[in-house]
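User: I've got a fold to look through and would like to talk it over piece by piece. Can you take my questions one at a time?

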Amino acid sequence: MKRILLVAWMACLMSAGPETGAAGEVDVLLVKARPLSDGTWRFDVTVHHDDEGWEHYADGWEVIDPDGNLITRRVLRHPHVGQASFTRSQIGFSIPDHLEWVTVRGHDKIHGYGGAETKVELTRPPRQKKSTEKKQDRS
């Protein structure tokens, strides 16, 4: 009986194989978001994924609005084998002023989207009010 169970267990393991994605899904661990002086944004995103090679690796992350619309996508062009967590940046993209938060989610070549997402509250600098008063000449 033990032998049958052992053979069945090994068959399950062998049938799973690497194509099922033993590395799991991409988790977004940390997002640092900051507005830039030109009105665009910079996001530094730390993701976790146990990349296995070219067939299964974290190949990107994206910023989406509350309705699921794409704001920007950061493509990761190669695997990071042996580097489970890493940070990559995206700079110079616009986020509509009316949004108070966005979501960052990761993507890999096997699972697509999945894993832990991060909701990011957007902190914008205070807007300067345009003065409607005329400056007085002090001469």
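**Fold, sheet, core and pocket**

Analyst: Sure. The protein chain has one helix and eight strands, and keep in mind that this is a predicted model.

User: What pattern does the protein chain follow along the sequence?

Analyst: We have one helix and eight strands to place. Reading along the sequence, the pattern comes out as α-β-β-β-β-β-β-β-β.

User: Which strands are at the edges of the open three-stranded sheet?

Analyst: That sheet is antiparallel, with the order E1-E2-E5. An edge strand pairs on one side only, and that picks out strand E1 (27-35) and strand E5 (85-93).

User: Over how many bridges do E2 and E5 pair?

Analyst: Strand E2 covers residues 41-48. One bridge joins Phe43 to its partner Gln90 in E5. Counting up the antiparallel pairing of E2 and E5 gives eight bridges.

User: Why is E3 described as largely enclosed by the rest of the structure?

Analyst: Buried here means under 20% relative accessible area. Across the protein chain of 139 residues, 32% count as buried. E3 is largely enclosed by the rest of the structure because its buried count is seven of seven residues.

User: Which strand pairs with E3 over six bridges?

Analyst: E3 has an antiparallel pairing with E4 (residues 70-75), but that one runs over five bridges; Val63 and Thr72 are bridge partners there. On the other pairing, Gly60 has His107 as its bridge partner in E6. The antiparallel partner over six bridges is E6.

User: Which residue takes a positive phi in the hairpin of E3 and E4?

Analyst: This hairpin has five residues between its strands. The phi in question is near 90°, and the residue is Gly68.

User: Which strand gives the most to the largest nonpolar core?

Analyst: The core has 19 residues, and among those touching the most other members are Phe43, Val45 and Ile95. E1, E2, strand E3 (58-64), E5 and strand E6 (101-108) each supply at least two residues. With four residues, the top contributor is E2.

User: How many charged residues line the largest pocket?

Analyst: The pocket holds about 260 Å³ of space. Its lining includes Trp41, Ile95, Asp97, Arg124 and Arg127. By class, the lining has six nonpolar and two polar residues, and the charged ones number three.

Note on methods:
Residues are numbered from 1 along each chain as its sequence is written. This is a predicted model: local features need pLDDT of at least 70, side-chain atom pairs count only at pLDDT 80 or more; totals for chains, interfaces and linings use all residues. Side-chain values use heavy atoms; hydrogens and water are left out. Two strands pair if DSSP finds at least two bridges between them. On a 1 Å grid over the protein atoms alone, a cavity is a set of points where a 1.4 Å probe fits but cannot get out, and a pocket is an open set with protein on both sides within 12 Å along at least five of seven lines; lining residues have an atom within 4 Å of a point. Grid points are joined across faces, edges and corners, and a volume is the space filled by probe spheres set on the points. Ala, Val, Leu, Ile, Met, Phe, Trp, Tyr, Cys and Pro count as nonpolar, Asp, Glu, Lys and Arg as charged, and the others, Gly among them, as polar. A nonpolar core is a set of buried Ala, Val, Leu, Ile, Met, Phe, Trp, Tyr and Cys residues joined through side-chain atoms within 4.5 Å. Buried means under 20% relative accessible area, exposed over 50%, partly exposed in between (1.4 Å probe, protein chains only).
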